[in-house]
Amino acid sequence: MQPPSGKIEGATHYYPVRVFFEDTDLSGIAYHANYLKWCERARSDLLRVLGINQREAFEAGEGVYAVSEAQIKWRRPAKLDDEMIVETRALELRAASARMEQKVMRGEELLAQVDIVAAFVTPEGRPRRQPEEWRRAFEQFVTKDDQ
């Protein structure tokens with residue numbers, strides 16, 4: 001058995017998630033903070049699929065991505081045992097950051113939209129240019145034709 005893994009189709013990364021009991025409140029509705037966790041997992045998986053090794057970069061003292069901005073719009077509640085897909089698109093790539101749009105979908109239904117800016121920072125938390133090979137991987141993802 002393998003842990004959940006996403007895939008890239010065109011310029012979108014798709015990552016499957018399920019709402020477990022631990023994700024819900026007493027009413028069986030997913031707790032609002034879990035959307036951030038699901039989106040974080042999807043972004044981490046996107047990096048893995050792009051061939052970016054975050055752990056190796058951190059251990060080498062290069063740095064890591066850290067969320068510097070987040071805006072969330074909840075549209076519908078996720079409920080216990082729902083199967084969802086987190087869709088991630090990179091909208092803008094800058095020297096030291098990437099802006100992404102993430103949608104938490106239950107089938108065709110939009111549950112939440114999350115706009116994120118992830119900045120590349122040193123282990124001390126200071127902004128730094130992304131490694132060139134990471135930028136190249138992201139550039140290919142950003143510019144993929146969606147057709």
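Eight bridges join strand E4 to strand E5 (residues 97–106), and the two strands run antiparallel. The model in which they appear is predicted. The connection between E4 and E5 is a hairpin of three residues. Within this pairing, Arg-89 has Glu-101 in E5 as its bridge partner.

E4, which spans residues 83–93, also pairs with strand E2 (residues 12–18), again in the antiparallel sense, here over six bridges. Two positions help to fix the register of E2 against E4. His-13 has Thr-88 in E4 as its bridge partner, and Tyr-15 stands opposite Val-86 in E4.

These pairings belong to a wider sheet. The sheet is open and has six strands in the order E1-E2-E4-E5-E6-E3, with antiparallel pairing. Strand E1 (7–9) and strand E3 (64–74) are the edge strands, each pairing on one side only. On average, neighbouring strands of the sheet are turned by 30 degrees against each other, with direction ignored.

Two helices can be placed relative to the sheet. Helix H1 (residues 34–49) packs on the sheet and touches E1, E2, E3, E4, E5 and strand E6 (109–121). The direction of H1 makes about 135 degrees with that of E2. Helix H3 (residues 132–142) lies across E1, E2, E3, E4, E5 and E6. Relative to E4, H3 runs at about 110 degrees.

A last point concerns side chains. In a regular strand they alternate between the two faces of the sheet.

Definitions and conventions
Residues are numbered from 1 along each chain as its sequence is written. This is a predicted model: local features need pLDDT of at least 70, side-chain atom pairs count only at pLDDT 80 or more; totals for chains, interfaces and linings use all residues. Side-chain values use heavy atoms; hydrogens and water are left out. Two strands pair if DSSP finds at least two bridges between them. Helices (H or I, at least four residues) and strands (E, at least two) are DSSP runs, numbered from the N terminus. Axes are lines fitted to C-alpha atoms, for helices over the stretch in contact, and angles run from 0 to 180 degrees between N-to-C directions. Contact means heavy atoms within 4.5 Å.
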